[in-house]
Amino acid sequence: MTKEILEQINRFTRRPLTEDEVYTFSVILCDNDIDRDMERFSDDALETLKNSFIGRTGISDHNAAAANQNARIFDAEVVSDSERTTVDGRPYKFLKGKAYMVRTDDNKNLIAEIDGGIKKEVSISCSAAKRICSVCGCERSSGGCAHEKGRSYNGKLCHTILDDITDAYEWSFVAVPAQVNAGVTKRFTEGERVYSNAVREMNDADDGMRRDIRRLAFFAGGRDMADMASLSAKNMNTEQLVSYKRSLEERCKGGVRLQLAPDEKSDSVDGFIM
């Protein structure tokens with residue numbers, strides 16, 4: 001441990017601590033990738049959180065009891081990973097916090113669990129004044145956005161962008177964090193890339209079905225039919241695409257030409273009639 005790191009830590013202590021008294025570790029607090037809740041932090045939000053989390057306490061399971069405090073962030077930085085992109089293809093960035101604990105008999109088991117990779121995943125608690133739709137850019141609280149998180153619109157995955165961070169409260173060790181990559185870390189592993197790859201593969205499969213639907217519709221009813229089928233399939237989810245494709249396959253087998261038109265009773269392009 002360097003003298004500079006010890007000085008950073010001692011800004012938060014009542015008396016100067018020695019190197020032997022302190023245990024330090026790094027933790028990924030959050031990133032700019034789309035998480036399990038179909039939300040992500042903007043790059044500006046990460047920069048704000050970088051400053052807001054310095055001095056914030058680490059607890060377990062977001063239990064704010066004073067006895068549950070076990071660590072504190074003494075430094076933080078936003079890191080760009082040039083070898084990686086987010087689910088929707090943006091340059092990947094994450095907020096890395098540097099934390100310390102005071103070595104005591106009470107927390108020696110926790111330190112052992114951190115070193116052993118048992119206590120690893122974390123979740124943060126903060127406040128965001130803006131929750132922006134990634135498709136239309138509208139503030140979701142205004143009520144002017146009808147886009148659904150998790151669905152694709154014109155090939156764009158809908159999610160909520162968290163911006164204008166007003167406060168950071170704490171960070172916690174948890175069993176399952178909303179942000180896939182959040183946790184104690186020294187390096188990224190291939191296992192941490194599984195979720196992002198799975199989402200990309202799912203989107204690729206959906207796009208492949210949309211191409212198949214256009215091809216089948218062309219065989220069933222010509223170019224006009226293919227254009228209308230593409231419009232209807234554009235914002236369908238996986239289940240709807242599978243059902244639509246099967247119906248076209250059945251009609252192509254029977255040599256039946258289809259006439260497809262939007263359902264006038266529906267405001268969504270998901271609706272269609274045959």
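This text leads through two helices and one pocket of a predicted model. Local features were considered at pLDDT of at least 70 and side-chain atom pairs at pLDDT 80 or more, while totals for chains, interfaces and linings use all residues. Residues are numbered from 1 along each chain as its sequence is written, and side-chain values rest on heavy atoms, with hydrogens and water left out.

Helix 2 spans residues 43-52 (helices are DSSP runs of H or I of at least four residues, strands runs of E of at least two, both numbered from the N terminus), and its buried residues, with under 20% relative accessible area for a 1.4 Å probe and protein chains only, are Ala45, Leu46, Leu49 and Ser52. Because these fall within an arc of 125° seen down the axis, taken from the directions from the helix axis to the C-beta atoms, they line one face of the helix. On the other side of helix 2, Asp44 and Asn51 are exposed, that is, over 50% by that scale. Among the elements covering the buried residues of helix 2 are strand 1 (22-31), strand 4 (71-85) and strand 9 (160-173), where contact means heavy atoms within 4.5 Å.

In helix 3 (residues 108-115), Leu110, Ile111 and Ile114 are the buried residues, and they lie on the same side of the helix because they cover an arc of only 100° around the axis. The face turned away from that buried side carries the exposed residues Asn109 and Asp115. Just after helix 3, Gly117 takes a positive phi of about 80°.
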